[in-house]
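User: Can you walk me through how to read a protein model? I'm new to this, so please start with the basic words.

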Amino acid sequence: MNAVRENLGLPLLVALAFLLGFVLHRGSICAVVASRDLVLQRQPGRLLGFAEAALIATMVLTAVSAFPRPMPDWADWPLVLLGASMLGVGAFINGACAFGTIGRIGTGDLGFVSTFAGIFFGGWLARWLYADATIHAVHPAAAPAVTLLPALVLLALVMVLRYRLAGGATSEFLRVSATMAIVGLVYALLDTAIPDWALAHAPRYILALAVFPTAIAAALMIGSIASGLFSGERIRWRWPDRAALFRRAVGGSLMGAGAMLAPGSNDTLLLSGVPSGAPQALVAYVTLSATIGVLVKRQAPRQAGPPVT
């Protein structure tokens, strides 16, 4: 795995992270938004787009000979389901998942900084309260979930389905496909070059002054901000009110604790765990999405609760 880091080097990895942050903002990539689209508008396009990203990540990991690769032990099903449910509740309260939080920083909403403070606190609290449960054994994933050719066939089928559901809106279809291709490609390379990389771990890496992960985290945020600057709309830097700050900190805390128990946040589960063939990672991601969907459905009649924007 270190061969990828040696071949690409820190400057190129930082550039890739910048690109990822850019498209996360530009494409509004977020599991909460995808769940809202499905539940409220009956539009599964964004969720299908995440499937595309997972398949592309699988192909990239296979192409760079990332297997066997160390993966956390997802053997404890109760913890996997509890952690995934906490991730879903936390993302709903926060108004964005890990990817969405990065993207929303590019809108000028500095309140999402409190989300990362919450993620750090929640992860620390989970490790302190449940030390045995949050220390996961590591085992090598010998092979990807599917090999290159089946992954390519599945990708084509998913894209055809998404195109048909989009009603032939070619420009939007191509935009989502390009965005998800970048997400899957860049995340897989970062995950291969930096073991245990995850957005939910970014605050811990920064405080530990770990050079590679800290540079990647900074590049992600700068990329999101750059996307906002180039979007043609003037960024208005703003702090939300105390209630919104508190809500995001609470949501982030649940996300951080859930990521420790699962283990992994939505990015890790979808783009690292699923491509590595871990059934627990797939079930956890489905649980996370279903939890958000249920909460969105319950909120919809009242038109209250955490706002989308």
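Analyst: Let's start with burial: buried means under 20% relative accessible area, exposed means over 50%, and partly exposed is in between (1.4 Å probe, protein chains only). This is a predicted model, where local features need pLDDT of at least 70 and side-chain atom pairs count only at pLDDT 80 or more, while totals for chains, interfaces and linings use all residues. Residues are numbered from 1 along each chain as its sequence is written, and side-chain values use heavy atoms, leaving out hydrogens and water.

User: Is Phe-50 buried or exposed?

Analyst: Phe-50 has a relative accessible area of 3%, so Phe-50 is buried. Tyr-285 is buried too, at 7%.

User: How many aromatic pairs does the structure hold?

Analyst: First the rule: rings of Phe, Tyr and Trp (its six-membered ring) pair if their centres lie within 6.5 Å; planes under 30 degrees apart are stacked, over 60 edge-to-face, and the rest tilted. Here there are six aromatic pairs. In one of them, the ring centres of Phe-50 and Tyr-285 are 6.5 Å apart with planes at 65 degrees, so that pair is edge-to-face. Phe-50 sits in helix 3 (residues 45–63) and Tyr-285 in helix 14 (residues 279–299), so the pair ties together parts 235 residues apart in sequence.

User: And what counts as a helix here?

Analyst: Helices are DSSP runs of H or I with at least four residues, and strands are runs of E with at least two, numbered from the N terminus. The expected span of a helix is 1.5 Å times one less than its number of residues. Helix 6 (residues 113–129) has 17 residues and should span 24 Å; its end C-alpha atoms are 25 Å apart, which agrees.

User: Which aromatic pair in helix 6 is about one helical turn apart?

Analyst: That's Trp-124 and Trp-128, because they are four residues apart in helix 6. Their rings are stacked, 5.9 Å centre to centre with 5 degrees between the planes. Trp-124 is partly exposed at 40%, whereas Trp-128 is exposed at 59%.

User: How many salt bridges are there?

Analyst: A salt bridge is a side-chain nitrogen of Lys or Arg within 4 Å of a carboxyl oxygen of Asp or Glu. The count is four. One of them joins Glu-52 and Arg-162, with the closest N and O atoms 2.5 Å apart. That pair links helix 3 to helix 8 (residues 148–165), 110 residues apart, and both Glu-52 and Arg-162 are buried.
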